[in-house]
Amino acid sequence: MKIGIDSIAFSTSRYFLSLETLAKHRNVNYEKYNVGIGQAKMSVFPPNEDIVTIAIDAAQKVISQMDDKNDIDILIFATESAFDLSKSAGIYVHHFLKLKEDCRVFDLKQACYSAVAALQLAKSYIVDNPNSKVLIIGSDIIKYSPNTSGEPTQGGAAVAFIVTQNPRILEIEPYAGIHTVDVMDFWRPSHLDEALFDGKLSAYNYLKSLDICVDRYWKKSNLAISAIDHVCFHAPFGKMAQKANNKLFRCPSINETLIYNSVIGNSCSASLFICFISLLDNVKDDISHKRIGFFSYGSGSVAEFFSGIIPENYGQTLDTRNNLKMLSDRIEIAISEYELLYNNKFHDGYHYENVGNITMLGINNNQRIYRRLQNN
Ligand code: HMG
């Protein structure tokens with residue numbers, strides 16, 4: 001049975017900060033951010049937008065492609081940006097999408113790796129329940145303290161995809177190379193909004209895990225490098241993915257995989273899949289029947305290399321024009337606005353837009369209040 005991704009979409013904030021602006025403000029040569037790190041812009045989030053509102057927007061796009069949303073039996077919300085240690089962020093999404101009550105909903109966490117864990121779990125579930133569909137969401141907003149080396153790699157986005165049998169976008173293959181090791185390279189204690197990290201250790205462990213995972217993948221699959229046509233990497237910043245690609249694969253299409261990431265920034269659990277959408281939308285050739293390698297790395301750490309085959313006619317499900325429009329329609333903010341938004345505060349005289357039709361009105365009695373916007 002062929003199982004994999006049937007439709008996929010992403011969403012991000014309406015606002016961005018140019019890294020040229022940040023470089024000027026921090027007195028850093030812009031070339032360091034643009035060439036050295038490989039990033040041009042980063043998504044910045046207003047207080048009315050969070051991991052739930054962008055997740056709903058991404059999920060609405062994939063659900064609009066389904067004949068019957070009642071086929072969704074499981075919703076998995078992969079995130080490391082949870083604002084509640086008990087209630088699943090997925091329940092808000094389930095509510096606003098009006099999914100059936102007979103549906104399992106839960107969050108999954110392991111840094112940037114969790115959406116891949118969700119995908120592999122969903123695949124096993126579909127083996128036993130071939131008519132079922134699983135909605136997976138990866139949604140994260142990442143913050144580092146101002147003036148740290150991580151600051152230009154901030155960002156955020158949500159990806160949503162439906163896992164089914166006979167998928168139209170990607171058939172997941174049965175073998176994967178996995179590597180789990182206890183490393184303190186990146187972590188966010190529950191009382192902090194900003195992530196803490198050891199940048200050099202994280203980059204070292206990312207590349208070491210890649211070697212180990214790929215080696216295990218070759219052994220399990222009996223494939224060789226020539227069997228992989230394109231590779232998508234988790235991209236905390238573009239240069240990390242370029243280094244990984246140069247180390248083992250040297251795929252020229254690495255540039256196409258990084259187009260969206262370079263203007264969004266690190267989107268953690270969504271990042272690998274946004275690189276995949278970027279490849280699908282921007283690669284010139286028809287990539288039907290090609291094998292795509294995927295490398296996921298979640299600090300802490302768990303890493304996995306797996307692969308999938310692109311089915312015939314995959315192009316019919318893509319929404320390239322709207323993806324490009326969503327990114328090009330974003331609003332650039334000044335450094336003063338970035339500093340205000342960093343603290344997640346509404347302020348006088350400013351009305352913030354949402355990317356989709358759900359907004360976060362505020363927090364009352366420690367409860368998040370979401371509303372559907374009236375003109376939608
Ligand atoms: P840094 O230490 O400020 O940068 O931050 P650097 O001094 O190492 O310079 C970066 C690159 O820019 C270097 O190139 C410089 O040569 C170059 P490289 O040696 O790497 O090839 N450079 C220039 N290039 C052109 N013109 C110039 C110029 N100046 C310098 N003028 C660091 C880099 C990655 C450490 C930082 O961004 C950081 O700490 N980021 C946060 C952690 C991170 O993203 N780690 C990545 C792996 S871990 C991961 O992927 C998991 C994660 O997503 C979290 C999760 O799983 O949840 C983070």
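**Exercise 1.** How do the residues of the lining of the second largest pocket divide into nonpolar, polar and charged?

*Solution.* The model is a predicted one.
Step 1. Take the pocket itself: the second largest pocket holds about 730 Å³ of space.
Step 2. Its lining consists of 33 residues, and those closest to the centre are S149, T153, G199, S202 and F237.
Step 3. Assign these lining residues to classes: 16 are nonpolar, eleven are polar and six are charged.

**Exercise 2.** Determine which element supplies the largest share of the lining of the second largest pocket.

*Solution.* Step 1. List the elements that contribute two or more residues to this lining: α2 (30-37), α6 and α7 (238-248).
Step 2. Pick out the largest share: α6 provides it, with seven residues.

**Exercise 3.** Give the strand order of the nine-stranded open sheet and name its edge strands.

*Solution.* Step 1. Read across the sheet: the order is β5-β4-β6-β7-β1-β8-β13-β12-β11, and the pairing is mixed.
Step 2. Find the strands that pair on one side only: these are β5 (104-108) and β11 (230-233), the edge strands.
Step 3. Add the twist: on average, neighbouring strands of the sheet are turned by 25° against each other, with direction ignored.

**Exercise 4.** Describe how strand β1 is joined to strand β7, and locate the bridge partner of I5.

*Solution.* Step 1. Recall the background: strands of a sheet pair through backbone hydrogen bonds, in a parallel or an antiparallel manner.
Step 2. Apply this to the pair: β1 (residues 3-11) and β7 (residues 155-165) run antiparallel and are joined by eight bridges.
Step 3. Within β7, V163 is the bridge partner of I5.

**Exercise 5.** State which strands helices α3 and α6 touch or lie across, and at what angles the helices run.

*Solution.* Step 1. Helix α3 (residues 51-63) lies across β1, β4 (72-78), β6 (133-142) and β7, and runs at about 130° to β1.
Step 2. Helix α6 (residues 199-221) packs on the sheet and touches β8 (170-180), β11, β12 (291-298) and β13 (302-309). The direction of α6 makes about 125° with that of β8.

**Exercise 6.** Is F276 buried or exposed, and which residues does F276 contact beyond its neighbours within four places in sequence?

*Solution.* Step 1. Place the residue: F276 sits in helix α10 (residues 271-282).
Step 2. Compare its accessibility with the cut-off: buried means under 20% relative accessible area. F276 has 0% relative accessibility, so F276 counts as buried.
Step 3. List the contacts, leaving aside neighbours within four places in sequence: I8, I169, L170, C232, I292, F294 and I310.
Step 4. Add a distance: the C-alpha atoms of F276 and L258 are 8.9 Å apart, with their positions 18 residues apart along the chain.

Key
Residues are numbered from 1 along each chain as its sequence is written. This is a predicted model: local features need pLDDT of at least 70, side-chain atom pairs count only at pLDDT 80 or more; totals for chains, interfaces and linings use all residues. Side-chain values use heavy atoms; hydrogens and water are left out. Two strands pair if DSSP finds at least two bridges between them. Helices (H or I, at least four residues) and strands (E, at least two) are DSSP runs, numbered from the N terminus. Axes are lines fitted to C-alpha atoms, for helices over the stretch in contact, and angles run from 0 to 180 degrees between N-to-C directions. Contact means heavy atoms within 4.5 Å. Buried means under 20% relative accessible area, exposed over 50%, partly exposed in between (1.4 Å probe, protein chains only). On a 1 Å grid over the protein atoms alone, a cavity is a set of points where a 1.4 Å probe fits but cannot get out, and a pocket is an open set with protein on both sides within 12 Å along at least five of seven lines; lining residues have an atom within 4 Å of a point. Grid points are joined across faces, edges and corners, and a volume is the space filled by probe spheres set on the points. Ala, Val, Leu, Ile, Met, Phe, Trp, Tyr, Cys and Pro count as nonpolar, Asp, Glu, Lys and Arg as charged, and the others, Gly among them, as polar.
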